[in-house]
Amino acid sequence: GKRRLVLFILAFGSSTGYFLIPYATNFHILLFYLAFLAAFAAPAMPIATSLSFTVLGWEGASRFGQIRVWGTIGYLLLIVGFPYFLSLIEVPASPDGGSSSLGTIFFIAGTLSFFAALVLLFVPSAKTPSRRPAPYRWPSAPRTRASLLQRPPSGPPGWRSPATAGR
């Protein structure tokens, strides 16, 4: 329950940070906006991973890799396709003669973060595990030095341990 709320706050805060960056008027304000963005964006992925495992439950956790690969593919397509997308839209030049594509990038990143926050409203509550898997039980090992000396260590064929060399 609380992971979803925390991730919603992080995604919404990230969105706000992305929208603020183009409006920085000097270095100190830009530094403050970037720190604001980092405070919300940096913990988002670990919380999202935790929420994914919680929603999938014990039985579905093995499918996490299959689900996560689509996030990676989507990220790759966005990175590769974004410059092409920017070339299709006409971005007016900024008053100082530079391109305002950077502002467009932050606007789109803010919009995607905002929609990610909205999607979280529809994420189902965490599954209650129907059955927790039994913990792995390690084979019992000898606990005393005397029991170690009773069994000769195994080795390559023909090898004799020092404990049995005189026999």
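**Exercise 1.** Which residues are buried in helix 1?

*Solution.* The model is a predicted one, and the answer rests on relative accessible area, where buried means under 20%. In helix 1, the residues that are buried are L7, L10, A11, G13, S14, S15 and G17. F12, which lies in the same helix, at residues 2–20, is partly exposed, with a relative accessible area of 42%.

**Exercise 2.** Check whether the length of helix 1 agrees with its number of residues.

*Solution.* Begin with the 19 residues of helix 1, which at 1.5 Å a residue should span 27 Å. Then take the end C-alpha atoms, which are 27 Å apart, so that the expected and the modelled values agree.

**Exercise 3.** Describe how the rings of F8 and F12 are arranged, and place this pair among its neighbours.

*Solution.* A pair of aromatic rings is described by the distance of the centres and the angle of the planes. Over the whole structure, a search finds 9 aromatic pairs. One of them is formed by F8 and F12, with 6.3 Å from centre to centre and 15° between the planes; because planes under 30 degrees apart count as stacked, the F8 and F12 pair is stacked. The two residues are 4 residues apart in helix 1, which means that about one helical turn separates them. F8 counts as partly exposed at 25% relative accessibility, and F12 is likewise partly exposed, at 42%. Finally, ring pairs link F8 and F12 with F114 and F115 into a cluster.

**Exercise 4.** Find which residues form the nonpolar patch on the surface, and which helix gives the most to it.

*Solution.* The patch is formed by F12, F114, F115, L118, L121 and F122, which together have about 630 Å² of accessible area. Helix 5, covering residues 101–120, gives the most to this patch, with 3 residues.

**Exercise 5.** Decide whether S113 is buried or exposed, and list its contacts beyond its neighbours in sequence.

*Solution.* S113 is found in helix 5. Its relative accessible area is 14%, and since buried means under 20%, S113 is buried. Leaving aside neighbours within four places in sequence, S113 is in contact with A11, S14, S15 and Y18. Of these contacts, A11, S14 and S15 are among the buried residues of helix 1.

**Exercise 6.** How far apart are T54 and R4 in sequence and in space?

*Solution.* T54 has its place in helix 3, residues 44–60, and counts as buried at 17% relative accessibility. T54 and R4 are 50 residues apart in sequence, while in space they are 10.0 Å apart from C-alpha to C-alpha.

Technical notes:
Residues are numbered from 1 along each chain as its sequence is written. This is a predicted model: local features need pLDDT of at least 70, side-chain atom pairs count only at pLDDT 80 or more; totals for chains, interfaces and linings use all residues. Side-chain values use heavy atoms; hydrogens and water are left out. Patches are made of residues with over 30% relative accessible area and no salt bridge: like charges are joined within 9 Å, nonpolar side chains (Val, Leu, Ile, Met, Phe, Trp, Tyr) within 5 Å. Accessible areas come from the Shrake-Rupley method with a 1.4 Å probe; for residues, only the protein chains shown count as cover. A salt bridge is a side-chain nitrogen of Lys or Arg within 4 Å of a carboxyl oxygen of Asp or Glu. Buried means under 20% relative accessible area, exposed over 50%, partly exposed in between (1.4 Å probe, protein chains only). Contact means heavy atoms within 4.5 Å. Rings of Phe, Tyr and Trp (its six-membered ring) pair if their centres lie within 6.5 Å; planes under 30 degrees apart count as stacked, over 60 as edge-to-face and the rest as tilted. The expected span of a helix is 1.5 Å times one less than its number of residues.
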